[in-house]
Structures are given as structure tokens and as C-alpha cells.
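Reader: I am a first-year student and would be grateful for a close look at a single part of this protein. Please describe the surroundings of that part as well, in one connected answer.

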Amino acid sequence: MSSTFIIIGATVIVSFICFNNAELKYKLIFYPFQMNGKKEEWYRFITSGLIHADYIHLFFNMFTLYFFGRNVEAYLQY
């Protein structure tokens with residue numbers, strides 16, 4: 001399975017979960033104050049890319065990633 005499909009799958013699953021769970025969305029969103037505070041939640045750099053505002057935003061980003069990611073993978077194989 002290609003890396004692009006794994007990233008798309010993970011993003012769709014996390015986004016769907018966050019659409020219905022505001023608390024989890026707050027824990028994953030990019031919030032610089034939390035990253036530099038006492039907790040130093042550096043994971044937010046990665047997890048913020050997995051959440052989206054709504055279904056249309058998610059669809060267009062994953063549609064673009066599908067075509068762009070496949071091209072990048074093909075380029076990197078050579």
C-alpha cells in the first residue's frame with residue numbers, strides 16, 4: 001500500500017472523529033501557547049494536519065493529496 005493512501009486514510013479517520021468530538025479537536029489543533037508552555041505538546045505540529053474544518057475542506061484536500069502524492073511517490077521511486 002502506498003504512503004499516500006495511508007496518509008489519506010489516517011487523515012479521514014481522525015477528521016471524522018474530530019467532527020463529532022470538540023475536546024479531541026482542541027487537543028490536536030495547532031495552538032502555539034500549549035507547545036511552548038509547561039506541557040510542551042510538540043505533537044501538535046503533526047496532528048494539526050490531520051484535522052479539517054468541514055467535509056468540503058477534507059474532500060478537496062484529500063482529492064489534491066491523492067493526485068499530488070501519487071506523483072511525488074512516482075518521482076521518488078526513480
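**A residue in a loop and its setting**

Author: Glu41 is buried, because its relative accessible area is 10% and buried means under 20%. The model in which this value was computed is a predicted one. Glu41 belongs to the loop that lies between helix H3, residues 32-36, and helix H4. When residues up to four places away in sequence are not counted, Glu41 touches Gln34 and Met35. A further distance helps to place this residue: from the C-alpha atom of Glu41 to that of Ala22 there are 18 Å in space, while the two residues are 19 positions apart in sequence.

The next loop along the chain may be examined in the same manner. His52 is found between helix H4, residues 44-47, and helix H5, residues 55-77. The relative accessible area of His52 is 6%, so this residue is buried. Once residues up to four places away in sequence are set aside, His52 touches Thr11, Ser15, Phe19, Lys25, His57, Leu58, Asn61 and Met62. Lys27 is 25 residues away from His52 along the chain, and the C-alpha atoms of the two are separated by 14 Å.

The contact of His52 with Ser15 leads to helix H1, which spans residues 3-19 and includes Ser15. Ser15 has a relative accessible area of 0% and is therefore buried. Apart from neighbours within four places in sequence, Ser15 is in contact with Leu50, Ile51, His52 and Leu58. Between the C-alpha atoms of Ser15 and Ile46 there are 13 Å, with 31 residues separating them along the chain.

Val14 is also in helix H1. Leaving out residues up to four places away in sequence, Val14 touches Leu28, Leu50 and Ile51. Leu50 and Ile51 thus appear in the contacts of Val14 and in those of Ser15. Val14 and His52 are 38 residues apart along the chain, yet 9.1 Å separates their C-alpha atoms.

These examples may now be set against the whole protein. Its secondary structure consists of five helices and zero strands, and the order of elements from the N terminus on is α-α-α-α-α. The radius of gyration is 14 Å, whereas the globule rule gives 12 Å for 78 residues, so the protein is more spread out than a compact globule. Along the principal axes, its C-alpha atoms fill a box of roughly 45 × 25 × 20 Å.

Glu41, His52 and Ser15 are buried, and 22% of the 78 residues of the protein count as buried. Among contacts with a separation of 6 or more, 55% are between residues 24 or more positions apart. The accessible surface amounts to about 6,000 Å², and carbon and sulfur atoms supply 68% of it. As for charge, there are 6 positive and 5 negative side chains, and 4 Å lies between the centres of the two sets.

The aromatic residues complete the picture. Eleven aromatic pairs are present in the structure. One of them joins Tyr26 and Tyr31: the ring centres are 6.2 Å apart and the planes stand at 50 degrees, so the pair is tilted. The relative accessibility of Tyr26 is 48%, so this residue counts as partly exposed. Tyr31 is likewise partly exposed, because its relative accessible area is 34%. Elsewhere, Phe5, Phe59, Phe60, Phe63, Tyr66 and Phe67 form one aromatic cluster.

Methods: Residues are numbered from 1 along each chain as its sequence is written. This is a predicted model: local features need pLDDT of at least 70, side-chain atom pairs count only at pLDDT 80 or more; totals for chains, interfaces and linings use all residues. Side-chain values use heavy atoms; hydrogens and water are left out. Helices (H or I, at least four residues) and strands (E, at least two) are DSSP runs, numbered from the N terminus. The radius of gyration is taken over C-alpha atoms; the globule rule is 2.2 Å times the number of residues to the power 0.38. Buried means under 20% relative accessible area, exposed over 50%, partly exposed in between (1.4 Å probe, protein chains only). Contact means heavy atoms within 4.5 Å. Accessible areas come from the Shrake-Rupley method with a 1.4 Å probe; for residues, only the protein chains shown count as cover. Lys and Arg count as positive and Asp and Glu as negative; His and the chain ends are not counted. The place of a charge is taken as NZ of Lys, CZ of Arg, CG of Asp or CD of Glu. Rings of Phe, Tyr and Trp (its six-membered ring) pair if their centres lie within 6.5 Å; planes under 30 degrees apart count as stacked, over 60 as edge-to-face and the rest as tilted.
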